[in-house]
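Student: Before we start, please show me the chain we are going to discuss. I would like to ask how some of the terms are applied.

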Amino acid sequence: GRGSRTGRELWRAQQDLPRAGKGKGQQRKALSLGRTTGSEILFGVAPCWLALAQARRALFRLFLKQSSGSGRPLRGEFALQAAARGVPVLHVPGRELDAMCRGRPHQGVCLEAAPLAFKSLRDAEEPNLGDGESGGRQLLWLVLEHIQDPMNLGALLRSAYFLGVDRVVASLRNSCPLTPIVSKASAGAMEVFDVYGTDDVQGFLKAKSAEGWEVVGTISRPGDVEDVPVISCSEFQWDKPLIVVIGSEGQGLSLETQLQCQRMLAIPPGRALHPGIDSLNVSVAAGILLHSICSQKRRHGD
């Protein structure tokens, strides 16, 4: 009977009998059994498309939703891209995709792939200050300390990529890894933008200061920093390579990291704030700060 078939035969049966009512349980089991050890499931059009296009990860299987609906041309493009990369394509019912990514919005596409790791700063090639990438403008790096929410990390990466940040460096301890949820929240920016990791944020910032970089921290509530001047982001001006340091959702920057900063930037509120709603979401705050800094960078670069 059905139960004694091998996984491969089940797959074949699944392709041949897309609407079969029987054996759903075994089909789902075959899906989970067949996973490559250590792999993860990317979901959503942008993460899957960019992961396929960039091929920075090992790619194992592409899952596309079976249907005759409006997504067919897009699925055809996915199948071609997968074929070009030698990645097997499986057409499965939508409920299989739902199960694979635990009900998250997959848009009819999932990709089984190896995880992306943080890149080591030791392996990082220093971008030359005059190279084509920076085009003669000052470099801007973003350092993330203890960002734990994958939605926030994804949104931070999306903003950093969009606004022209040259490099993102994250603390390895007490931080969210580069998961499929992060990739989806980044709208796939995580697939094209290297994220570096460091065990020693303070040592890294100290070394960059010694190399002539300016290090600025960020605070949500003015007035809670000792020994470091706080200025409004709208008043901030910079004329050398810059590192902006963003702290965790609840605590902000650790005191040790604040003491490595030459200045702290704050976003002035537009009204008298009610206690308890007196700060911004970390990824929104970072977007505002980076835009303020980047628009000034473009002006000064002219």
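**Terms applied to one chain**

Tutor: This is a predicted model. The chain has 11 helices and 12 strands, and buried residues make up 45% of its 302 residues.

Student: Why is Q260 called buried?

Tutor: Buried means under 20% relative accessible area. Q260 has a relative accessible area of 18%, so Q260 counts as buried.

Student: Where is Q260 placed?

Tutor: Q260 is in the loop between α10 (255–258) and β12 (263–266).

Student: Which residues is Q260 in contact with, leaving aside its neighbours within four places in sequence?

Tutor: Q202, L205, K206, S209 and V215. Contact here means heavy atoms within 4.5 Å.

Student: V215 is in strand β9 (residues 214–218). Why is β9 called largely enclosed by the rest of the structure?

Tutor: Because five of its five residues are buried. E214, V216 and T218 lie on one side of β9, with V215 and G217 on the other, and both faces are covered.

Student: Why are there two sides to list?

Tutor: Because side chains in a regular strand alternate between the two faces of the sheet.

Student: How do you know that β9 pairs with β11 (residues 242–246)?

Tutor: Pairing needs at least two bridges. Four bridges join β9 to β11, and the two strands run parallel. Within this pair, V216 stands opposite V244.

Student: What makes β9 and β12 a pair?

Tutor: Three bridges join β9 to β12, again with the strands parallel, and the requirement is at least two. The bridge partner of V216 in β12 is R263.

Definitions and conventions: Residues are numbered from 1 along each chain as its sequence is written. This is a predicted model: local features need pLDDT of at least 70, side-chain atom pairs count only at pLDDT 80 or more; totals for chains, interfaces and linings use all residues. Side-chain values use heavy atoms; hydrogens and water are left out. Buried means under 20% relative accessible area, exposed over 50%, partly exposed in between (1.4 Å probe, protein chains only).
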